[in-house]
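Trainee: Could we go through this model together? I'd like to know how the labels get decided.

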Amino acid sequence: MKGLAMLEIGEIGWIEKERPTYGPRDAIVKPLALAPCTSDVHTVWEGAIGERHDLILGHEALGVVDEVGSEVRDFKPGDRVIVPAITPDWETEAAQRGYPSQTGGPLGGWKFSNFKDGVFGEFFHVNLADYNLAHLPEGMSLEAGVMLPDMLSTGFMGAENAKIEFGASVAVLGIGPVGLSAIAGAKLRGAGRIFAVGTRPAAVNVAKEYGATDIINYKEGDTAEQIRNKTGGAGVDAVIIAGGGPDILMDAIRAARPGSVISNINYFGQGMGDEDTIPLPRVAWGFGMADKNIMTGLCPGGRVRMERLAEVVMHGRMDPSLMATHVFKGFDKLEEALLLMKEKPRDLIKPVVIV
Ligand code: NDP
Ligand code: ZN
């Protein structure tokens, strides 16, 4: 079978691989709709998680079940499914402690395009099908559905971790598809004022649609200062980080008031050594004592998460298809879509490939 792979750091290409095999509780799925992620860009072109050879990329998919193991109960060949980006081993100790995305070590629930072939192949393997697949609801568009596995799950987690109370002020740093989903999540969690930080016009429009009340252009001045000026000097109750470089925590902590949460969902690129560090503003952080609490998380995966996100969409709480700005037709277009994600033209939010 054919797949679009990371050949080595900085290089992608089409490769031929054996069709994956499967165990009694697993499934083999064919893609129906796929989307590249900024994380694929960090992984390939920044080498953010180290070297990988001939690893099929991609972790955002809707699919059709092709084969299932003998013990799979709820899915059969032909079923249309949502495939979460994160497919934990649900019987592990980390899952029982409430951190399924971290099974088998840090980020261990992230298998596709991390340490196992991803979804950019003609077929891909899903472990524990009954726990890691969800039925695609009748009537959900492919453009909307393909945002669930990662964009909505990650963005909403950003809002969940930010512990937003009714009427709380929130700043979302970065309004790509992840930050936009965080804005929608913050609104659904009851935020009052929502600052959206970014510049791409298409994203600014969707940010307003999803609930942003103020747009901050980080290129026109210091982000934290702009937010503090608009809040009478106070800063916000929660900051969700969904973009920016290694020093973005400097802005986040300076924009946050004492007694706040800084909820990071950004994937910080480059460097695999202990010497690779990220700066924090010592004074603005109250020398470490200002109750400005940093939360982190990897996208939640699994079946129930996907089913619940689908409920949000099917009952009209938000429309994720607004983020699908570039829709390609055909598996062969995957490379073009991924390169577009790397280039990030000004009119892009998210490319989607309908297979
Ligand atoms: P995009 O590249 O599409 O969006 C990044 C956003 O950050 C843009 O709006 C950009 O602004 C903005 N930005 C850039 N520099 C700054 C700055 N200095 N201050 C404020 N904003 C800035 O990314 P995605 O939305 O696709 O992904 C966001 C991050 O989430 C990535 O790092 C990705 O890898 C990560 N991720 C993490 C996951 C997890 O499980 N935790 C899962 C999926 C993704 P502009 O409008 O000017 O372009
Ligand atoms: Zn991703």
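Mentor: Sure, and keep in mind that this model is predicted. One term to start: a donor here is an N, O or S atom within 2.8 Å of the metal.

Trainee: Okay, so what makes Cys37, His59 and Asp150 donors of the zinc ion (ligand 2)?

Mentor: Cys37 (SG), His59 (NE2) and Asp150 (OD) lie 1.8 to 2.2 Å from the zinc ion. The cut-off is 2.8 Å, so they count as donors. Along the chain, the donors follow the spacing C-x21-H-x90-D. Cys37 sits in the loop between strand 3 and helix 1, while Asp150 is in helix 5, 113 residues apart.

Trainee: Why is His42 called buried?

Mentor: Buried means under 20% relative accessible area. His42 has 14% relative accessibility, so it counts as buried. His42 lies in helix 1, and its contacts include Gly47 and Tyr267.

Trainee: How do you know that Asp74 and Arg303 meet in a salt bridge?

Mentor: A salt bridge needs a side-chain nitrogen of Lys or Arg within 4 Å of a carboxyl oxygen of Asp or Glu. For Asp74 and Arg303 the N to O value is 2.9 Å, so the pair qualifies. The two are 229 residues apart, with Arg303 in helix 10.

Trainee: And why is Asp74 called partly exposed?

Mentor: Partly exposed runs between the 20% and 50% cut-offs. Asp74 has 33% relative accessibility, so that's its label. Its partner Arg303 has a relative accessible area of 17%, so Arg303 is buried.

Key: Residues numbered from 1 in each chain as written. Chains lettered and ligands numbered in written order. Predicted model: local features only at pLDDT ≥ 70, side-chain atom pairs only at ≥ 80, totals over all residues. Heavy atoms only, no water. Donors = N, O, S within 2.8 Å, 3.2 Å for Na, K, Ca; no water. Helix = DSSP H or I, 4+ residues; strand = E, 2+ residues; numbered from the N terminus. Buried < 20%, exposed > 50% of the residue type's maximum accessible area, 1.4 Å probe, protein only. Contact = heavy atoms within 4.5 Å. Lists of a residue's contacts leave out its neighbours within four places in sequence.
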